[in-house]
Amino acid sequence: MRLASAAPDPGTGGGGTGGLNHSNGPWTSASGTAGDLRTSTETSRSALGPGHEGVESGAAGFSSVAALKSVLTSWEERLQAVRDECEQLKGTLLTVAKEMGETETAIETSFKGVDGGGKADGKR
């Protein structure tokens, strides 16, 4: 896609020489990364509980058991929030990729058949 207002260098006033290239690749990739992070966060969150099994019985009477339980709960809540945010972000990024790809296709289609005053090979 060409931008009519893009000039090769500021102040020349020449338009139509800059290019705007869009690809849904970065959006799709970012969505995949968010999905991967969601999965690894959930895996880590799920491992916290079993990792603390037996601590209460093995350390009965120590005041640190209550503090450890509080920290466990806090981390489980934090990781759950990260997991949920990654899930939402994954969907949003996929939506952007789809919309940007569809918009690019619609724009390209709308320009087909329009004589841009170029050479027969389509280049200026």
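## Reading a salt-bridge network on helices α1 and α3

Author: Let's start inside helix α1 (residues 25–51), where Arg-45 and Glu-42 sit three residues apart, about one turn of the helix. Keep in mind that this is a predicted model.

Reader: Why should I care about a spacing of three in a helix?

Author: The general idea is that an α-helix has 3.6 residues a turn, so residues three or four places apart point the same way. In this case, Arg-45 and Glu-42 form a salt bridge, with their closest N and O atoms 2.9 Å apart.

Reader: Is Glu-42 buried or exposed?

Author: Read that from relative accessibility: under 20% counts as buried. Glu-42 comes in at 17%, so it is buried.

Reader: Which other side chain meets Glu-42 in a salt bridge?

Author: That would be Arg-83, at 2.8 Å from N to O. Here the trick is to check which elements the two partners belong to. Glu-42 is in helix α1 while Arg-83 is in helix α3 (residues 64–111), so this pair ties together parts that are 41 residues apart in sequence.

Reader: How accessible is Arg-83?

Author: Arg-83 has 13% relative accessibility and counts as buried. That puts both Glu-42 and Arg-83 in the buried class.

Reader: What else does Arg-83 pair with in a salt bridge?

Author: Asp-84, again at 2.8 Å from N to O. Asp-84 is partly exposed, with a relative accessible area of 39%.

Reader: How do I put these pairs together?

Author: Look for shared partners and follow them from one pair to the next. Here Glu-42, Arg-45, Arg-83 and Asp-84 are linked in a network of salt bridges. The structure as a whole holds four salt bridges.

Reader: Where else could I look at α1 and α3 together?

Author: Try a backbone distance. Thr-39 is found in helix α1, and its C-alpha atom is 9.1 Å from that of Glu-87, although the two residues are 48 apart along the chain. Thr-39 is partly exposed, at 46% relative accessibility.

Reader: Which residues of α3 are buried?

Author: They are Val-65, Leu-72, Leu-79, Arg-83, Cys-86, Leu-93 and Ala-97. To read such a list, ask next what does the covering: for α3 that includes α1 and α2 (55–58).

Reader: How far does α3 reach from its first C-alpha to its last?

Author: Compare the span with what the residue count predicts. α3 has 48 residues and reaches 70 Å, close to the 70 Å expected at 1.5 Å a residue. After the helix comes Gly-113, with a positive phi near 85 degrees.

Reader: How many aromatic pairs does the structure hold?

Author: In general, a pair of aromatic rings is described by the distance of the centres and the angle of the planes. This structure holds zero aromatic pairs. There is a ring to look at with a charge over it, though: Arg-78 lies over the face of Trp-75, at 5.0 Å from the ring centre.

Reader: Stepping back, in what order do the elements run?

Author: From the N terminus, the order is β-β-α-α-α, which gives three helices and two strands.

Reader: And how much of the protein is buried?

Author: Buried residues make up 12% of the 124 residues. The accessible surface comes to about 9000 Å², and 57% of that belongs to carbon and sulfur atoms. As for contacts with a separation of 6 or more, 54% are between residues 24 or more positions apart.

Note on methods: Residues are numbered from 1 along each chain as its sequence is written. This is a predicted model: local features need pLDDT of at least 70, side-chain atom pairs count only at pLDDT 80 or more; totals for chains, interfaces and linings use all residues. Side-chain values use heavy atoms; hydrogens and water are left out. A salt bridge is a side-chain nitrogen of Lys or Arg within 4 Å of a carboxyl oxygen of Asp or Glu. Helices (H or I, at least four residues) and strands (E, at least two) are DSSP runs, numbered from the N terminus. Buried means under 20% relative accessible area, exposed over 50%, partly exposed in between (1.4 Å probe, protein chains only). Rings of Phe, Tyr and Trp (its six-membered ring) pair if their centres lie within 6.5 Å; planes under 30 degrees apart count as stacked, over 60 as edge-to-face and the rest as tilted. A charge sits over a ring if NZ of Lys or CZ of Arg is within 6 Å of the ring centre and within 35 degrees of the ring normal. Contact means heavy atoms within 4.5 Å. Accessible areas come from the Shrake-Rupley method with a 1.4 Å probe; for residues, only the protein chains shown count as cover. The expected span of a helix is 1.5 Å times one less than its number of residues.
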